[in-house]
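Please look over the sequence and the structure shown here before reading on. The text below then walks through them in steps.

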Amino acid sequence: MSEVTFEDAQRELETIVQRLESGEAGLDEAITLWERGEELYRDCSEKLDAADGRIEELARRVEAVKP
């Protein structure tokens, strides 16, 4: 899978949720959508964790330079 931005992954995940909640997807499609949704969820979660780590590091740097 090519690298997807957080925002694109989130939009696709929202579309998948809507499709699953509509009840219009057949069983095979629902399983495929569910698997893709799990993949997107993991990707979004990893991106959020990485961003959180970067923010914490930046906050530590700011604290380190305060007089």
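What follows goes from the nonpolar core to the salt bridges and then to a charged patch on the surface. The model is predicted.

The starting point is the inside. The largest nonpolar core has seven residues: Val4, Ala9, Ile16, Ala25, Leu33, Leu40 and Cys44. Two elements, helix 1 (6-22) and helix 2, each give two or more residues to this core. Helix 2 provides the largest share, three residues. Each member of such a core is buried, because a nonpolar core is defined as a set of buried residues joined through side-chain atoms within 4.5 Å.

The next step is the charged side chains. The count of salt bridges comes to nine, and three of them serve as examples here.

One of these pairs is Arg19 with Glu24, whose side chains meet at 3.4 Å, N to O. How exposed are the two partners, Arg19 and Glu24? Arg19 has a relative accessible area of 27% and is therefore partly exposed. Glu24, at 60% relative accessibility, counts as exposed, because the cut-off for that class is over 50%.

A further salt bridge links Lys47 and Asp43, with 3.7 Å between the closest N and O atoms. Why are these two residues about one helical turn apart? They lie four residues apart in helix 2, so about one helical turn separates Lys47 from Asp43. Lys47 is partly exposed at 21% relative accessibility, whereas Asp43 is buried at 12%. The two fall into separate classes because buried means under 20% relative accessible area.

Helix 2 also holds the pair Glu57 and Arg60, which are three residues apart and so separated by about one helical turn. Their side chains form a salt bridge with an N to O distance of 3.0 Å. Both ends count as partly exposed: Glu57 has a relative accessible area of 31%, and Arg60 has one of 48%. Salt bridges can also share partners, and in this way Glu3, Asp43 and Lys47 are joined into one network.

The last stop is the surface. Which residues form a negative surface patch? The patch consists of Glu46, Asp49, Asp52 and Glu56. Of these, Glu46 is placed in helix 2, which covers residues 27-65. Glu46 has 51% relative accessibility and so counts as exposed. The patch residues have no salt bridge, because patches are made of residues without one and with over 30% relative accessible area.

Methods. Residues are numbered from 1 along each chain as its sequence is written. This is a predicted model: local features need pLDDT of at least 70, side-chain atom pairs count only at pLDDT 80 or more; totals for chains, interfaces and linings use all residues. Side-chain values use heavy atoms; hydrogens and water are left out. Patches are made of residues with over 30% relative accessible area and no salt bridge: like charges are joined within 9 Å, nonpolar side chains (Val, Leu, Ile, Met, Phe, Trp, Tyr) within 5 Å. Accessible areas come from the Shrake-Rupley method with a 1.4 Å probe; for residues, only the protein chains shown count as cover. A salt bridge is a side-chain nitrogen of Lys or Arg within 4 Å of a carboxyl oxygen of Asp or Glu. Lys and Arg count as positive and Asp and Glu as negative; His and the chain ends are not counted. The place of a charge is taken as NZ of Lys, CZ of Arg, CG of Asp or CD of Glu. Buried means under 20% relative accessible area, exposed over 50%, partly exposed in between (1.4 Å probe, protein chains only).
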